[in-house]
Amino acid sequence: MALVNMKEMLYHAYHNGYAVGAFDLVSLDFLEGIIDAAERCHAPVILSLAESHFEYFDIELVMPAVVAAAKRATIPVAIHLDHGESIESAVQAINLGCNGIMLDSSQQALTDNIKTTRAVVDMAHACGVPVEGELGYVPGVEGEDAERHPGEVSYTTVTEAKDYVTQTEVDFLAVSIGTVHGRMQGKPKLDFIRLQEINDALAIPLVIHGGTGLSDDQFQQLIGCGVSKINYYTSLADKAGLQIRDNANTNPHLGYTGLTTGIRNAISVEVERCIRLWGSANRAEELLSQCAPWMPVEHLIIYNVDGITEQQANTMMQQGREILSTIPGVLEVVTGHAVQDDASYRYTWLIRFCHPAVIESYRTHPEHVAFADTLFRPVAGERISIDYQTS
Ligand code: 13P
């Protein structure tokens, strides 16, 4: 299990002068290409899923593959929701296995941005999950994602950044200092003085969106000013597109698998270039030795019921599965009946929390309290309840 806490990962990068790549993925080819490159380079990596891309795939189907890839990896991995649009999508992402959340309310007025972000931070921190906020606005210029970021650039100011971070308690801050989402037109002018001032004032890992198209020396300067996470997508999409066009030109009769051959490798080559450039190569071992693995907790209850029929017990369990699985930090709710007729306890709940912090936030969550007090505890007096840290 090489899933790690993203906060520990980014603070390691921040204190050791390198940046971790957060690569947005839209298919299994992207996922495998990113992981292959990080493994080759012995580098930490962030598997990033942008909410605006959920129209291309079903996030509920893709996340199990992303979690499996992270668990199988030998390098430190975090799974991140990029540009989350609401608290509901942040909860969904955490419950599907994301252990980092970016909430993008950067287009809102400062006070609204603070309010929305604060609500997400409270929810996510109660699940042990760190949050990236964004202040200022990074627009799109050209490329397949550019239209998703309409409007004019708005630069992050030091005063607002201090205010925002103090009031929201975000763990990382995405700043706007001249980068754009999508392809660059010419060499962008980045405001490094502003960035250094923000870094001096905040002393927390900073994030750059719109990594595509920056020059090698710009990346070095960004990292020198506290940037510890670089978001990168358009270049990967362009490399994949180029590979498909090359395949089609070589043989116009190719089908799907022929046309998509080589995409994984093309992405992997570009990700490796970024990893080496941003200084995260060969950091995996040290980072793994310094941070605790990200491990779920199993909340196990075994119980007998009194005063209700088997059918009513089944209905109660079905209601529980529906209600409890929506509580932040709950990865899975399983109910069961004893296989042996003479078992001491006839029923079970097995609820998987993403992090030990959820033991407390789940216990006091209003939906859990209401379910437990009205539907469960009155009929299940005879029960044993234990939380297990699992690996
Ligand atoms: P690019 O598409 O410009 O690389 O930016 C990606 C990004 O910032 C995703 O959040």
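Here is a short walk through this structure, starting at its ligand and ending with its cysteines. Keep in mind that you are looking at a predicted model.

Let's begin with the ligand. There are 14 residues around it, and those that come nearest are Asp82, Gly210, Thr212, Tyr233 and Thr234. Sorted by class, this shell has 9 polar residues, 3 nonpolar ones and 2 charged ones.

Now look at some of the polar contacts. A polar atom in the side chain of threonine 212 sits 2.5 Å from a ligand oxygen. Histidine 83 also uses its side chain, with an N or O atom 3.1 Å from an oxygen atom of the ligand. Tyrosine 233 takes part through its backbone, where an N or O atom lies 2.9 Å from a ligand oxygen. How much of the ligand's accessible area does the protein cover? On its own the ligand has 310 Å² of accessible area, and the protein covers 97% of that. If you want to trace the shell along the chain, the elements that give two or more residues to it are strand 3 (77–84) and strand 8 (227–232).

Next, find the cysteines. A disulfide is a covalent bond between the sulfur atoms of two cysteines. The count of disulfides in this model is 0. For cysteine 225, the nearest cysteine sulfur belongs to cysteine 274 and is 19 Å away. Why is cysteine 274 not bonded to cysteine 41? The sulfur of cysteine 41 is the closest cysteine sulfur to that of cysteine 274, but the two are 10 Å apart, which is too far for a bond. Cysteine 225 is buried, with a relative accessible area of 9%, and cysteine 274 is buried too, at 1%.

Methods
Residues numbered from 1 in each chain as written. Predicted model: local features only at pLDDT ≥ 70, side-chain atom pairs only at ≥ 80, totals over all residues. Heavy atoms only, no water. Near = heavy atom within 4 Å. Polar contact = N/O pair within 3.5 Å; in protein donor to acceptor, adjacent residues only side chain to side chain. Areas by Shrake-Rupley, 256 points an atom, 1.4 Å probe, with all protein chains shown as cover. Helix = DSSP H or I, 4+ residues; strand = E, 2+ residues; numbered from the N terminus. Nonpolar A, V, L, I, M, F, W, Y, C, P; charged D, E, K, R; others polar. Disulfide = S-S within 2.5 Å. Buried < 20%, exposed > 50% of the residue type's maximum accessible area, 1.4 Å probe, protein only.
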